[in-house]
Amino acid sequence: MRLFRPFIPSLAMLLMASSGASAQGVLIDKSEVRFISKQLGVNVEGRFRKWKANVDFRPRDLRHSKADFEIDVGSIDLASEESETEVRRPRWFDAMKFPIATFRSTAVKDLGGDRYQVDGRLTLKGTVRDVAIPIEMKKDAAGNSVAAGEFTIKRLDFNIGDGQWSDPTVVADEVVVRMRMVLPRAG
Amino acid sequence: MTQLHYTGTAKTLHWTAAVLIVCGFSLGLFMTRLEISPDKLRLYALHKWIGITVFLITVARVAWRATHPAPPPLPSMPDWQKRASRAAHWFLLALMVIIPISGWIYSSATGVSVVYLGVIPLPDLVGKDRESAKALLILHKTLNYTLAAVVTVHVAAALKHHFVDHDGVMARMLPGR
């Protein structure tokens with residue numbers, strides 16, 4: 001499940017080595033994919049326990065930067081085992097038929113300062129939508145780059161939670177996804 | 001025999017809390033047995049609101065009691081009964097404060113915030129964590145069964161005063177005077 005890409009200095013990175021901190025791979029144990037949904041107006045927090053990332057962040061070469069994710073939707077962590085079992089069912093994620101949600105970046109844009117925007121395609125329960133994830137890059141105490149970003153999706157766009165669960169006053173349509181990726185220090 | 005009554009405020013708070021505790025306790029037993037559904041979520045929300053209300057009422061009762069002393073125990077009562085009733089009353093009040101807080105912490109540990117009456121968001125007391133949630137649920141249940149046991153003794157003692165001893169102790173908490 002865990003994907004630690006060996007550090008392979010690319011030609012571009014050798015050229016850029018002195019001018020910018022590039023980062024590859026993701027320190028999975030320090031990173032997280034969380035989400036906040038609203039039930040009856042109350043924030044409910046969850047996360048995915050299993051996911052893979054292929055991130056290559058090059059601040060000086062955004063055209064060759066990328067961020068791809070594969071999320072095991074069955075690994076969802078919710079309030080209780082009962083709700084986890086429920087949301088794996090066909091009317092929610094249908095985890096048997098669509099076990100993996102993917103995000104593939106199509107472009108990384110510089111928003112100035114430490115801010116960037118990652119555009120990409122999110123495939124969830126067989127539905128594809130374009131999403132834009134604004135992120136902020138920071139350094140943690142160990143010198144790793146930390147990319148923090150959040151974006152909002154509408155669950156009903158992906159037919160997640162239908163039938164008696166389609167009422168957005170019970171479970172809100174909007175779900176905020178928060179990602180925190182810790183990228184190892186380059187070199 | 002005439003006995004000093006509790007104040008009207010103390011009576012109102014006592015009986016409101018009593019009704020809410022019976023409702024909240026029964027609802028807790030009922031809702032946890034339901035299959036997950038939107039109605040189940042609504043009942044959980046209601047259960048939490050009842051609990052927070054009991055907490056608030058209890059704080060108000062303690063504050064009221066600090067400024068309006070309870071009627072003194074009957075001089076004719078044996079000492080052990082005076083001590084036991086005093087201990088039971090404070091234990092009940094303590095449980096009525098601790099149990100809602102244990103439920104609130106449990107809810108936080110499951111990652112579900114509490115929004116009182118759907119309007120007032122309460123802060124999460126702990127972070128989401130499955131293992132602590134399981135332990136806190138056991139704590140919440142244990143405290144509730146303890147409360148049920150003490151309430152049973154409390155009610156039995158009151159009824160004994162009323163129907164066996166005819167000493168007016170229970171009447172002090174009944175409406176009218």
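This passage describes a predicted model of two chains, A and B, moving from the fold of chain A to the contact between the chains and then to the helices of chain B.

Chain A contains two helices and 11 strands, and its elements follow the order α-β-β-β-β-β-β-α-β-β-β-β-β when read along the sequence. Of the 187 residues in chain A, 32% are buried. Among the contacts of chain A with a separation of 6 or more, 55% are made by residues that stand 24 or more positions apart. One residue of chain A has an unusual backbone label to examine: Leu40(A) has a positive phi of about 50°, although Leu40(A) is not a glycine. Leu40(A) is placed in the loop between β2 and β3 of chain A, and it counts as partly exposed because it has 17 C-beta neighbours inside 10 Å, a number that lies between the limits of 12 or fewer for exposed and 20 or more for buried.The two chains meet through 17 residues of chain A, which are in contact with 13 residues of chain B. On the side of chain A that touches chain B, the elements that give two or more residues are β3 (42–48) and α2 (81–88) of chain A. The largest share of that side, five residues, is contributed by β3(A). When the residues on this side of chain A are sorted by class, six are nonpolar, seven are polar and four are charged.

In chain B, the helix α2(B) has 30 residues, which at 1.5 Å a residue should span 44 Å, and the distance of 44 Å between its end C-alpha atoms therefore agrees with the expected value. The buried residues in α2(B) are Leu41(B), Tyr44(B), Ala45(B), His47(B), Lys48(B), Ile50(B), Gly51(B), Ile52(B), Val54(B), Phe55(B), Thr58(B) and Arg61(B). The cover over these buried residues includes parts of both chains, namely β2 (32–39) of chain A together with α1 (8–31), α3 (79–109) and β1 (115–116) of chain B.

Val54(B), which is found in helix α2 (residues 38–67) of chain B, may serve as an example of a buried position in this helix. Val54(B) counts as buried because it has 23 C-beta neighbours inside 10 Å, where 20 or more are required. When residues up to four places away in sequence are not counted, Val54(B) touches Ala17(B), Leu20(B), Ile21(B), Gly24(B), Met96(B) and Pro100(B). The C-alpha atom of Val54(B) is also separated by 9.8 Å from that of Val19(B), although these two residues are 35 residues apart along the chain.

The helix α2(B) packs with α3(B) at an angle of about 145°, and their axes are 9 Å apart. The crossing of these two helices, α2(B) and α3(B), is left-handed. On the side of α2(B), the residues that take part are Lys48(B), Gly51(B), Ile52(B), Val54(B), Phe55(B), Thr58(B), Arg61(B) and Val62(B), and they meet Leu93(B), Met96(B), Val97(B), Ile99(B), Pro100(B), Ile101(B), Gly103(B) and Ser107(B) in α3(B). By class, the contact of α2(B) with α3(B) divides into 10 nonpolar, four polar and two charged residues.

A further pair is formed by α3(B) and helix α4 (residues 130–165) of chain B, which pack at an angle of about 155° with their axes 9 Å apart. This angle makes α3(B) roughly antiparallel to α4(B), because angles over 145 degrees are counted in that way. The crossing of α3(B) and α4(B) is left-handed, and their contact has 18 nonpolar, eight polar and no charged residues.

The helix α4(B) itself has 36 residues and reaches 51 Å from its first C-alpha to its last, which is close to the 52 Å expected at 1.5 Å a residue. Its buried residues are Ala133(B), Leu136(B), His140(B), Leu147(B) and His161(B), and what covers the buried residues of α4(B) includes α3 of chain B. Just after α4(B), His166(B) takes a positive phi of about 50°, and this residue is not a glycine. His166(B) counts as exposed because it has 11 C-beta neighbours inside 10 Å, which falls within the limit of 12 or fewer.

Terms used
Residues are numbered from 1 along each chain as its sequence is written. Chains are lettered from A and ligands numbered from 1 in the order in which they are written. This is a predicted model: local features need pLDDT of at least 70, side-chain atom pairs count only at pLDDT 80 or more; totals for chains, interfaces and linings use all residues. Helices (H or I, at least four residues) and strands (E, at least two) are DSSP runs, numbered from the N terminus. Two residues are in contact if their C-beta atoms, placed from the backbone, lie within 7 Å. Ala, Val, Leu, Ile, Met, Phe, Trp, Tyr, Cys and Pro count as nonpolar, Asp, Glu, Lys and Arg as charged, and the others, Gly among them, as polar. The expected span of a helix is 1.5 Å times one less than its number of residues. Axes are lines fitted to C-alpha atoms, for helices over the stretch in contact, and angles run from 0 to 180 degrees between N-to-C directions. Angles under 35 degrees count as roughly parallel, over 145 as roughly antiparallel, 65 to 115 as roughly perpendicular and the rest as oblique. A crossing is left-handed if the near helix is turned anticlockwise from the far one by less than a right angle, and right-handed if clockwise.
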